[in-house]
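Take a first walk through this protein with the model open beside you. Follow each stop in turn.

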Amino acid sequence: MNRVVLMGRLTKDPDIRQSQAAEPVTIARYTLAVDRRRGKGEEQSADFISCVAFGKAGEFAQKYLHKGSKICVSGRIQTGSYTRQDGTKAYTTDVVVDGQEFAESRQDAGRNAVDDQMAAQYSQGSSQAAGSGQPQGQQEGKPGQQDAGGGSWQQGALDGFMNISEGIDEELPFN
């Protein structure tokens, strides 16, 4: 049985082409970075798997997949060969995709980007903003700022605590 199931992230946007048939078929090619399991003390590594999706699967990839998307792919392994222009023979191994689905929600994908951005902003701004006690880009009196991804975050997001507004003591169910 030739069956493969992979989960990983796209290394770049899919390469989309149309076949030259009477009724063109969408062909999407992309590379999936799949983490390897590691033992204690080993560095993280990944395998880069070439995937190709035809027809509806190719149209899905064209419409919804982009660099960094975490997806789960199922399909079969297909090997092949061709002769290069210089006369040497090249061998290929691809996963021919018959199913693909998102492995994280859109919210989680956006949150990961915002978390990465906030961590970078915090690490860059911590030395510059040390005197003010505020990370760079965050100002006193503006608790809900917009980030580049369109989401908003609270001042307490960096320390893991939620801000509670003044005068809410009367609304709490405990004293």
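This predicted model holds two aromatic pairs. In one of them, the ring centres of F60 and Y64 are 5.1 Å apart. Their planes meet at 45°, so this pair is tilted. A pair of aromatic rings is described by the distance of the centres and the angle of the planes. Both F60 and Y64 sit in helix α1, four residues apart. That spacing puts about one helical turn between them. How buried or exposed are the two residues? F60 has a relative accessibility of 24%, so it counts as partly exposed. Y64 is also partly exposed, because its relative accessibility is 38%.

The other pair joins F60 to F102. Here the ring centres lie 5.7 Å apart. The planes are at 55°, so this pair is tilted too. F60 belongs to helix α1, but F102 belongs to strand β6. The pair therefore ties together parts that are 42 residues apart in sequence. F102 has a relative accessible area of 40%, so F102 is partly exposed. Taken together, F60, Y64 and F102 make one aromatic cluster.

Now step back to the whole chain. Which elements build it? The protein chain has two helices and eight strands. Their order along the sequence is β-β-β-β-α-β-β-α-β-β. The chain counts 175 residues, and 25% of them are buried. About 12,900 Å² of the chain is exposed. Carbon and sulfur atoms supply 49% of that area. Contacts also reach along the chain. Take those between residues at least 6 apart in sequence: 53% of them join residues at least 24 apart.

Next, look inside. The largest nonpolar core has 16 residues. Which of them touch the most other members? They are Y30, L32, I71 and V73. Six elements each give two or more residues to this core: β1 (4-10), β3 (26-35), β4 (46-54), α1 (56-64), β5 (70-83) and β6 (89-102). Strand β3 gives the most, with four residues.

Y30 deserves a closer look. Leave out residues up to four places away in sequence. Y30 then touches L10, P14, I49, S50, C51, A61, L65, I71, V73, V97 and Q100. Two of the core members named above, I71 and V73, are on that list. So is C51, and C51 is buried because its relative accessibility is 0%. Another cysteine, C72, is partly exposed, with a relative accessible area of 24%. A search of the whole structure finds zero disulfides.

Strand β3 also takes part in several pairings. Which strands pair with it? Strand β1 runs antiparallel to β3, and two bridges join them. One partnership links R9 to A33 in β3. Strand β2 covers residues 15-18 and pairs with β3 through four bridges, again antiparallel. There, D15 has R29 in β3 as its bridge partner. Strand β4 pairs with β3 over nine bridges, in the antiparallel sense. A28 and its bridge partner A53 in β4 give an example. In a regular strand the side chains alternate between the two faces of the sheet.

Move on to strand β5, where S74 has its place. Is S74 buried or exposed? Its relative accessible area is 16%, and the limit for buried is under 20%, so S74 is buried. Its contacts come from two stretches of sequence once residues up to four places away are set aside. S74 touches R3, V4 and V5, as well as V96, V97, D98 and G99. V97 is also among the residues that Y30 touches.

The last stop is a loop. T11 lies between β1 and β2. With 29% relative accessibility, T11 counts as partly exposed. Where does T11 meet the rest of the chain? Neighbours within four places in sequence aside, T11 is in contact with T31, A33, F48 and K67. Among these, A33 is the β3 residue that bridges to R9. T11 and G68 are 57 residues apart along the chain. Even so, 6.3 Å separates their C-alpha atoms.

How values were computed. Residues are numbered from 1 along each chain as its sequence is written. This is a predicted model: local features need pLDDT of at least 70, side-chain atom pairs count only at pLDDT 80 or more; totals for chains, interfaces and linings use all residues. Side-chain values use heavy atoms; hydrogens and water are left out. Buried means under 20% relative accessible area, exposed over 50%, partly exposed in between (1.4 Å probe, protein chains only). Contact means heavy atoms within 4.5 Å. Accessible areas come from the Shrake-Rupley method with a 1.4 Å probe; for residues, only the protein chains shown count as cover. A nonpolar core is a set of buried Ala, Val, Leu, Ile, Met, Phe, Trp, Tyr and Cys residues joined through side-chain atoms within 4.5 Å. Rings of Phe, Tyr and Trp (its six-membered ring) pair if their centres lie within 6.5 Å; planes under 30 degrees apart count as stacked, over 60 as edge-to-face and the rest as tilted. Two strands pair if DSSP finds at least two bridges between them. A disulfide is a pair of cysteine sulfur atoms within 2.5 Å.
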